[in-house]
Amino acid sequence: MTARRDIEAITERIRQRSKAGREAYLGRIAGASSNTANRAVLGCGNLAHGFAVCSPSEKIALGGDRVPNLGIITSYNDMLSAHQPFETFPALIKEAAREAGGIAQVAGGVPAMCDGVTQGQPGMELSLFSRDVIAMAAAIGLSHNMFDAAVFLGVCDKIVPGLVIAALTFGHLPAVFIPAGPMTTGLANDEKAKVRQLYAEGKVGRAELLEAESKSYHGPGTCTFYGTANSNQMLMEIMGLHTPGASFVNPGTPLRDALTREAAKRALAITALGNAYTPV
């Protein structure tokens, strides 16, 4: 019980120390909240810029103040396995949004890097810095006052924290995080370790080592071990920012697509325009 009392005491100190800043933040979020579409504050010229490429029916809907608009922040790139699946997600999300009576637009993209690629290279020095760049890039995407909720497409240990920072900055907007899912099982870790050991002993060459590594990291999805990419997904689900059960479903499967569509519909269901408003 001593440990519990210590934790409670530490929590209370944090609560008191952060009280002024927390109250200021909550006041700012309350001031940004509205029971009409956020784009209602935009002038006609601003709004016309915001929906210039939309269809005529979407322009009519966005010209009013009752149809929710979902902003998509994506960390897609096709160099990293964890983020490559996001290429097809915006189309799924837009279709799901239409089915739910809303609209979705890609609000912006953020960079995504992988320590698995940059370890031992100068690029590794940008790893932690990238988190702040991601937070700023996502915030820029949401800064246009066009959106009533947001979905965040991202995994891994810099991307997710950066996206969370952005989501909290726009804490008046409901937010759902959407993962890409894990890579299917490849070469077992003990087999890969054997090849690495043989390489270290000079008994096999680079070609054999690369073949083993490529059989381990072999397709779309997060890494095939319990690292920070996968633990981040668990944390998002624990925090209630994922659709339940979404963390560990492989990309490119019907269930993965169904979870992505459901995440979009859920985000639209909890905007301030409805009766279940749930800001992040």
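A residue counts as partly exposed when its relative accessible area falls between the 20% that bounds buried and the 50% that bounds exposed. Keep that in mind as you tour this predicted model.

**Stop 1: the whole chain.** Start by colouring the domains: domain 1 covers 40-65, domain 2 combines 66-179 with 225-279, and domain 3 spans 185-218. Between the C-alpha centres of domain 2 and domain 3 there are 33 Å.

**Stop 2: F248.** Now select F248, in the loop that runs between α11 (228-238) and α12. Is F248 buried, partly exposed or exposed? Its relative accessible area is 43%, so F248 is partly exposed. Next, add Y226, M234, L235, I238 and M239 to your selection and show the surface: together with F248 they make a nonpolar patch of about 650 Å².

**Stop 3: R256.** Move along to helix α12 (residues 254-269), where you will find R256. Which side chain of opposite charge is nearest to this arginine? That is D257, 6.4 Å away; R256 is buried and has no salt bridge. To see what surrounds R256, leave aside the neighbours within four places in sequence and display its contacts: F89, P179, A180, G181, A246, V249, N250 and P251.

**Stop 4: helix α8.** Finally, select residues 159-169, which form α8, and pick out its buried members I159, V160, G162, L163, V164, A166 and A167. What covers these buried residues? Show β1 (69-74), α7 (127-142), β3 (149-153), β4 (175-178) and α11, which are among the elements that cover them. Notice that α11 also borders the loop holding F248, from Stop 2.

How values were computed:
Residues are numbered from 1 along each chain as its sequence is written. This is a predicted model: local features need pLDDT of at least 70, side-chain atom pairs count only at pLDDT 80 or more; totals for chains, interfaces and linings use all residues. Side-chain values use heavy atoms; hydrogens and water are left out. Helices (H or I, at least four residues) and strands (E, at least two) are DSSP runs, numbered from the N terminus. Buried means under 20% relative accessible area, exposed over 50%, partly exposed in between (1.4 Å probe, protein chains only). Lys and Arg count as positive and Asp and Glu as negative; His and the chain ends are not counted. A salt bridge is a side-chain nitrogen of Lys or Arg within 4 Å of a carboxyl oxygen of Asp or Glu. Contact means heavy atoms within 4.5 Å. Patches are made of residues with over 30% relative accessible area and no salt bridge: like charges are joined within 9 Å, nonpolar side chains (Val, Leu, Ile, Met, Phe, Trp, Tyr) within 5 Å. Accessible areas come from the Shrake-Rupley method with a 1.4 Å probe; for residues, only the protein chains shown count as cover. Domain bounds come from an automatic or database domain assignment.
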